[in-house]
Amino acid sequence: TSTTATLTIGLDRTSPVAGITLNPVNGVVCQGSTLRLTGSGATSYTWTGPNGFSLSGSSVFISSIQPSQAGTYTLVATGANNCTASTTASV
């Protein structure tokens, strides 16, 4: 005897799409000025970066930025269903 099962896979429309906007746009910022990192497409945001940088929020600011803060910043975005997406930006 055999049994047939049907599996239906649905698209989860609540998954986040992680995106980073840098201000200034090209990721080049002068020493002493302010860098703004903005995330979109999720319900919560966690940022990490050089020298132990870690903040939460859709928009974070690094004022009076120094050369030691140059590097890769990572955004982990979490959607309403607790799925995550991540992306990086170089400054």
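Me: In what order do the four strands of the open sheet stand?
Reply: This is a predicted model: local features need pLDDT of at least 70, side-chain atom pairs count only at pLDDT 80 or more, and totals for chains, interfaces and linings use all residues. Residues are numbered from 1 along each chain as its sequence is written, and side-chain values use heavy atoms, without hydrogens and water. Helices (H or I, at least four residues) and strands (E, at least two) are DSSP runs, numbered from the N terminus, and two strands pair if DSSP finds at least two bridges between them. The pairing here is antiparallel, and the order is E4-E3-E6-E7.

Me: Which strands are the edge strands of this sheet?
Reply: An edge strand pairs on one side only. That holds for strand E4 (53-56) and strand E7 (84-90).

Me: By how many degrees are neighbouring strands of this sheet turned against each other on average?
Reply: Axes are lines fitted to C-alpha atoms, for helices over the stretch in contact, and angles run from 0 to 180 degrees between N-to-C directions. For this average the direction is ignored. The turn is 15 degrees.

Me: How many bridges join strand E6 to E7?
Reply: E6 covers residues 72-78 and runs antiparallel to E7. Threonine 74 stands opposite threonine 88 in E7. The bridge count is seven.

Me: Which residue in E4 is the bridge partner of threonine 48?
Reply: E3 and E4 run antiparallel, joined by four bridges. The partner of threonine 48 in E4 is serine 54.

Me: Which residue takes a positive phi in the hairpin of E3 and E4?
Reply: Three residues lie between the strands of this hairpin. The phi in question is near 60 degrees, in a residue other than glycine. Its relative accessibility is 64%, so it counts as exposed (buried is under 20% relative accessible area, exposed over 50%, partly exposed in between; 1.4 Å probe, protein chains only). The residue is asparagine 51.

Me: Where does serine 64 lie?
Reply: Serine 64 is not a glycine, yet its phi is positive, about 50 degrees. At 43% relative accessibility it counts as partly exposed. Serine 64 lies in the loop between E5 and E6.

Me: Which element gives the largest share of the largest nonpolar core?
Reply: A nonpolar core is a set of buried Ala, Val, Leu, Ile, Met, Phe, Trp, Tyr and Cys residues joined through side-chain atoms within 4.5 Å. This one has 14 residues; Leu35, Leu37, Trp47, Phe53, Ile62 and Tyr73 touch the most other members. Strand E2 (35-40), strand E3 (44-49), strand E5 (59-62) and E6 each give two or more residues. The largest share, three residues, comes from E6.

Me: How many residues apart in sequence are the parts tied together by the aromatic pair?
Reply: Rings of Phe, Tyr and Trp (its six-membered ring) pair if their centres lie within 6.5 Å; planes under 30 degrees apart count as stacked, over 60 as edge-to-face and the rest as tilted. A search of the whole structure finds one pair. Phenylalanine 53 and tyrosine 73 form it edge-to-face, 5.2 Å centre to centre with 80 degrees between the planes. Phenylalanine 53 lies in strand E4 and tyrosine 73 in strand E6, so the separation is 20 residues.

Me: Which element has the highest mean pLDDT?
Reply: pLDDT is the predictor's confidence in each residue, from 0 to 100. The chain averages 78, and 75% of the residues score at least 70. Strand E1 (residues 19-23) has the lowest mean among the elements, 70. The highest, 94, belongs to E4.
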